[in-house]
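Here is a model to question term by term. Each answer sets a value against its definition.

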Amino acid sequence: MKIFDLESHKFADIFPMVEGVQAEQLKMDIKENGLIQPVVLFEGKILDGRNRYRASMELGITPKFEEYKGEKPLEYVISGNLKRRHLTADQRAVIAQEVMPMLEEEAKKRQATSTGGNKPQLVEKIPKAGERSSVQAGKMFNVNEKYIRDVKKLIIKSPEKVEQIKKGEITLQDVKREERLEKIKQQREELQKEVLEQPKGLYDVIVIDPPWNYGTDENYNPEGFRGTTPYMTMTLDEIKNIKLPIKDDCVLWLWTTNLFLPDCYPLLKEWGFELKSMVTWDKQHIGTGRWLRSQTEHCILAIKGKPFFNNTKWSTLISEKRTEHSAKPEIFYKMVDEICAGRKLDYFARKKREGWDVYGDEVK
């Protein structure tokens, strides 16, 4: 029997070889049923059927061959593989990035040699002049343009990871999770180097928005469950150990989400406050959530001693469209300013506010 030693064509190589269980299943099928579909050659190399060829060689079976006679070998390879292969969106995004220069090169060749202007038969979305390459690739490979942009950035930073994604060994989410954990690590190291200056003196009014820990830092998935926090979080014990600079008579506004409502009560006890009421913020927009999609957030009102408190119009519901992640509505601060008097502190603040002292690393 003649033993062949054929190379694969560069167009064929844009798609990864099947490995593992899939490769074994293909091999068993050829062993039992023979090689039904021939290996397609072009320019003396394998254009389509690399996996079938490899399996046949390993089994000692002489492959069947046929020559590609068309004029669009690249489109032929893309169309055939997209129909047969179970590729993830991540894999398609990587392949799309690789194939765009080839498509442009083939299009130029056809323009230079075309006599009849034949239309492509296998791939409908041929790149158009002036259209962004990520848009072109998204249409051709049926993948979100954002995936393609993410891959493009990753090619510059970590080409070896792009190759792993193409082979299906890791996902874009894995890479983003790794970057997220590295960012958290760097944040912690920076905070260890630089201790924020604590607020001076005591306060009549304190608003605190603790960075509650959802237990998802290590499972950060911005494309799947986006409810994870894009900042460093604290455990309940770490939050309890915060020494709030409170006067004997003080009003506390404690922000929380549905999940952490039960944790607020022992927290208030630890800090020496008495629960009085709760404000619910309607964000006017349905967000994410594992069980029910979130549209509200809560702020617990608690007091210590006999602080000044004068309310004649505000209810337990405020409504304002949400903005950036974790930012609290301006209407809330308007309410607190009208109701409460004295020195005010915004603990874990995101920005400076007139009439308030602020504390938090994001303020900088």
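Q: Why is glutamine 284 called partly exposed?
A: Its relative accessible area is 45%. Buried means under 20%, exposed over 50%, and partly exposed in between, with a 1.4 Å probe and protein chains only. Glutamine 284 therefore counts as partly exposed.

Q: How far should these values be trusted, and what do they include?
A: This is a predicted model: local features need pLDDT of at least 70, side-chain atom pairs count only at pLDDT 80 or more, and totals for chains, interfaces and linings use all residues. Residues are numbered from 1 along each chain as its sequence is written, and side-chain values use heavy atoms, with hydrogens and water left out.

Q: What makes the phi of glutamine 284 worth a remark?
A: Most residues other than glycine have a negative phi. Glutamine 284 has a positive phi, near 60°, and is not a glycine. Its place is in the loop between S6 and strand S7 (296-304). Strands here are DSSP runs of E with at least two residues, helices are runs of H or I with at least four, and both are numbered from the N terminus.

Q: Where does phenylalanine 348 lie, and what is its phi?
A: Phenylalanine 348 has a positive phi of about 65°, although it is not a glycine. It sits in the loop between S9 and S10.

Q: How do you know how many disulfides the structure holds?
A: A disulfide is a pair of cysteine sulfur atoms within 2.5 Å. The sulfur of cysteine 250 has its closest cysteine sulfur in cysteine 340, 9.0 Å away, so this pair is too far apart for a bond. Cysteine 340 is in no disulfide either. The count is zero.

Q: Are cysteine 250 and cysteine 340 buried or exposed?
A: Cysteine 250 is at 0% relative accessibility, so it counts as buried. Cysteine 340 is at 4% and therefore counts as buried too.

Q: What makes S2, S1 and S3 a sheet?
A: Two strands pair if DSSP finds at least two bridges between them. S1 (residues 39-42) and S3 (residues 65-67) are joined by three bridges and run parallel. S1 and S2 pair in the antiparallel sense, also over three bridges. The result is an open sheet in the order S2-S1-S3, with mixed pairing.

Q: Why are S2 and S3 called edges?
A: Each has a single partner strand, so one side of each is left without a neighbour in the sheet. Neighbouring strands of this sheet are turned by 50° against each other on average, direction ignored. Axes for such angles are lines fitted to C-alpha atoms, for helices over the stretch in contact, and angles run from 0 to 180 degrees between N-to-C directions.

Q: Which residues face each other across S1?
A: Leucine 41 has glutamate 67 as its bridge partner in S3. In S2, the partner of leucine 41 is isoleucine 46. Valine 40 stands opposite aspartate 48 in S2.

Q: Which way do the residues of S1 point?
A: Val39 and Leu41 point one way, Val40 and Phe42 the other way, and all are buried.

Q: What lies between S1 and S2?
A: The two strands form a hairpin with two residues between them. Glutamate 43 in the turn has a positive phi of about 55°.

Q: What is the order of the seven-strand sheet, and which strands are its edges?
A: The order is S8-S6-S7-S5-S4-S9-S10, in an open sheet with mixed pairing. The edge strands are S8 (317-319) and S10 (357-359), each pairing on one side only. Its neighbouring strands are turned by 20° on average, direction ignored.

Q: What makes S4 a mostly covered strand, and what does it pair with?
A: Six of the six residues of S4 (residues 203-208) are buried. S4 pairs in the parallel sense with S5 (residues 246-256) over five bridges. With S9 (residues 344-347), S4 has four bridges, again parallel. Isoleucine 206 stands opposite leucine 252 in S5 and opposite leucine 345 in S9.
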